[in-house]
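Here is a short tour for anyone who wants to find their way around before going to the bench. Keep the viewer open and follow along.

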Amino acid sequence: MTTTTDLVSYEDALASYDPVMGLEVHVELGTKTKMFCGCSTELGAAANAQTCPVCLGLPGALPVVNAIGVESAIKIGLALNCEIAEWCRFARKNYFYPDMPKNFQTSQYDEPIAFDGYLDVQLEDGETFRVEIERAHMEEDTGKSTHVGGATGRIHGASHSLLDYNRAGIPLIEIVTKPITGAGERAPEVARAYVRELRELIRALGVSEARMEMGQMRCDVNLSLRPHGREKFGTRSETKNVNSLRSVERAARFEIQRHAAVLNDGGTIIQETRHFHEDTGSTTSGRVKEEAEDYRYFPEPDLVPVAPSREWVEKLRAELPELPLVRRSRLREEWGISGTDMQAILNAGALDSIVATIDAGADAASARKWWMGELARAANESGTALDELAITPAQVARVTELVNAGDLNDKLARQVIEGVLAGEGTPDEVVDRRGLKVVSDEGALTTAVEEAIAGNPAIADKIRGGKVAAAGALVGAVMKATRGQADAARVKELILQKLGVEG
Amino acid sequence: MPGITREEVAHLARLARLELKPEELDHFAGQLDDIIGAVARVSEVADQDVPPTSHPLPLTNVMRPDEVRPSLTPEQALSGAPAQEQQRFKVPQILGEE
């Protein structure tokens, strides 16, 4: 990029203008098969090994919608407090681009399956903001292009492109908000909180893993500014495919600063597609369209209308799981922790792991301690997500069980976890292989205690004289002699007992 | 009845990626006009209370279970491709130089 973008400071931008946002999120459903054909959606297949006449758009092929795709769309709609259409159709969105071999994307146009809902999202300080939902509709993903011959795989300057259609036809649900107004300076934070809440919701519904880093959830950030007090919205920019929570917030912030600079200079915002760059946190102009988009939507004649019966909708509504916002406040109460503590757990992405660890038998305090302490550090050091660490919640629960039974102390437990993370096996295997049992052999402990007393006569005298606190030094000596494998509390008991002092 | 203009034919041709000669634009404008005129007569019979028909059969909710069916092999999938490379469909340059 040779041009630099003029920006005004965030504070100055907000002093003059009121941001209005629209967020469009695409969620790839976790179905086994594509939206309109029985091709597998499994990742990692060889190029073009998961295609058929339907998703290749070969003449005469007839699509049939995936029942789980429709069910997932209804579940998402219900969880977003939407109305569910009594009758709706698919539509062809016509365009010429090689990522869709049919030359159209099967989508929904003016009859989305779900509409008019809302999602309450919680901001960092616990404040709740209601984001209104315009619609959620069913559509399909496109194929994957590889651009050859240009610099670093860019489409510009490429000599030709290669297409893999394995992804073409994978079910997508597009969720569109109504214009988000009134967020003011917190607009970028609202955008991030909304996408995060939506991701939690999608996962709770079990319709997708919604991993943004894998493109299973992608966000377009539409943003415009209007002078304070003006009712009419300004012209918006559309920043496409923003693929992390942090990027959603940064993209919104950057666009606020960029728009303000253009408007302050008396310029006009061009309605255009923009690309977000992770490395610089900035956006650049995408291709300027030569002509207005003309998708010539029309009802898809090959797919019959979807008319979800009210019985089906009500059955799905009754089966909805506890939604994330409700679940979080319940857990916060059960665990007796503050809103800040809960926020830290959410920020670390540790909630599900902690719950799973408790479900596997651990007490809540220990489960929280390990995931937010030792394991969060390990994840941070290796740059992985907590739930991608090489340890399962059941294994963490087993470690806490060993600690509570007195077989491990905290120090040894940390070594066990380290061993499991290093691929040395299950907690019990690591305990065996590394010989990490707390020394519970009273004979061996007594000998170690006697040696510590004999080696530190001055300290022993102090303790005899009533200075119980001095016992810490002897406990330390015993722990050192047993290479940390003694139960410190029991060692202290033994020392005091030997020296004839009440603990 | 407004006729189909030359410009409209040119726009459609561009959307459909068809290259038309100037005389073809005039020729097709006339033909499309006739076709649309013929179809428009239907609206003279169908009143406001007749909704446009998108599907001739009164069917709804035809769905398929989420079960994997065999796909084509990559060789079969690519057999009709004018060009291929690395087991992928090879397409001409999408965008020119900036």
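Which residues does A:I113 touch, not counting residues up to four places away in sequence?

## Around A:I113 and the nonpolar cores

Please keep in mind that this is a predicted model. With those sequence neighbours left out, A:I113 touches A:A73, A:I74, A:G77, A:I84, A:A85, A:C88, A:Q108, A:A136, A:H137, A:M138 and A:V306. A:I113 also belongs to the largest nonpolar core, a set of 81 residues. The residues with the most contacts inside this core are A:I113 itself, A:I76, A:A136, A:A191, A:Y194 and A:V221. Helix α3 of chain A, residues 187-205, gives the core its largest share, nine residues.

A second core, of 45 residues, lies apart from that one, and A:A367, A:L402, A:V430 and A:L494 are among its members. A:A367 is also a good way into helix α9 of chain A (residues 364-372), whose buried residues are A:S366, A:A367, A:R368, A:W370 and A:W371. The cover over the buried residues of α9(A) includes three helices of chain A: α8 (351-359), α10 (374-382) and α11 (393-404).

## Two helices that cross

Now turn to helix α2 of chain A (residues 67-79) and helix α5 of chain A (residues 310-318). Their axes come within 10 Å and cross at roughly 65 degrees, and the crossing of α2(A) and α5(A) is right-handed.

Where they meet, α2(A) brings A:E71, A:I74, A:K75 and A:L78, while α5(A) brings A:V313, A:L316 and A:R317. Sorted by class, this contact has four nonpolar and three charged residues, with no polar ones. A:I74 may look familiar, as A:I113 touches that residue too.

## Where the chains meet

Chain B has 33 residues in contact with 41 residues of chain A. On the side of chain B that touches chain A, β1 (63-64), α3 (74-78) and β3 (88-92) each supply at least two residues. The largest share, five residues, comes from β3(B). By class, this side of chain B has 15 nonpolar, eight polar and 10 charged residues.

## A sheet built from both chains

What is the strand order of the open four-stranded sheet? The order runs β8(A)-β9(A)-β3(B)-β2(B), with antiparallel pairing. At the edges are β8 of chain A (144-148) and β2 of chain B (84-85), each pairing on one side only.

Across the chain boundary, strand β9 of chain A (residues 160-164) pairs with β3(B) in the antiparallel sense over four bridges. Here A:H160 has B:P92 as its bridge partner in β3(B). Within chain A, β8(A) and β9(A) are joined by five bridges, again in the antiparallel sense, and A:K144 has A:D164 as its bridge partner in β9(A).

## Two loop residues with positive phi

A:N103 sits in the loop between β4 (91-94) and β5 (104-107) of chain A. Although A:N103 is not a glycine, its phi is positive, near 70 degrees. Why does A:N103 count as partly exposed? It does so because A:N103 has 14 C-beta neighbours inside 10 Å.

In chain B, the loop between α1 (6-15) and α2 (22-45) holds B:R17. This residue is not a glycine either, and B:R17 has a positive phi of about 55 degrees. B:R17 is exposed, because 8 other C-beta atoms lie within 10 Å.

Conventions
Residues are numbered from 1 along each chain as its sequence is written. Chains are lettered from A and ligands numbered from 1 in the order in which they are written. This is a predicted model: local features need pLDDT of at least 70, side-chain atom pairs count only at pLDDT 80 or more; totals for chains, interfaces and linings use all residues. Two residues are in contact if their C-beta atoms, placed from the backbone, lie within 7 Å. Ala, Val, Leu, Ile, Met, Phe, Trp, Tyr, Cys and Pro count as nonpolar, Asp, Glu, Lys and Arg as charged, and the others, Gly among them, as polar. Two strands pair if DSSP finds at least two bridges between them. A nonpolar core is a set of buried Ala, Val, Leu, Ile, Met, Phe, Trp, Tyr and Cys residues joined through C-beta atoms within 7 Å. A residue is buried if 20 or more other C-beta atoms lie within 10 Å of its own, exposed if 12 or fewer, and partly exposed in between; C-beta atoms are placed from the backbone. Axes are lines fitted to C-alpha atoms, for helices over the stretch in contact, and angles run from 0 to 180 degrees between N-to-C directions. A crossing is left-handed if the near helix is turned anticlockwise from the far one by less than a right angle, and right-handed if clockwise.
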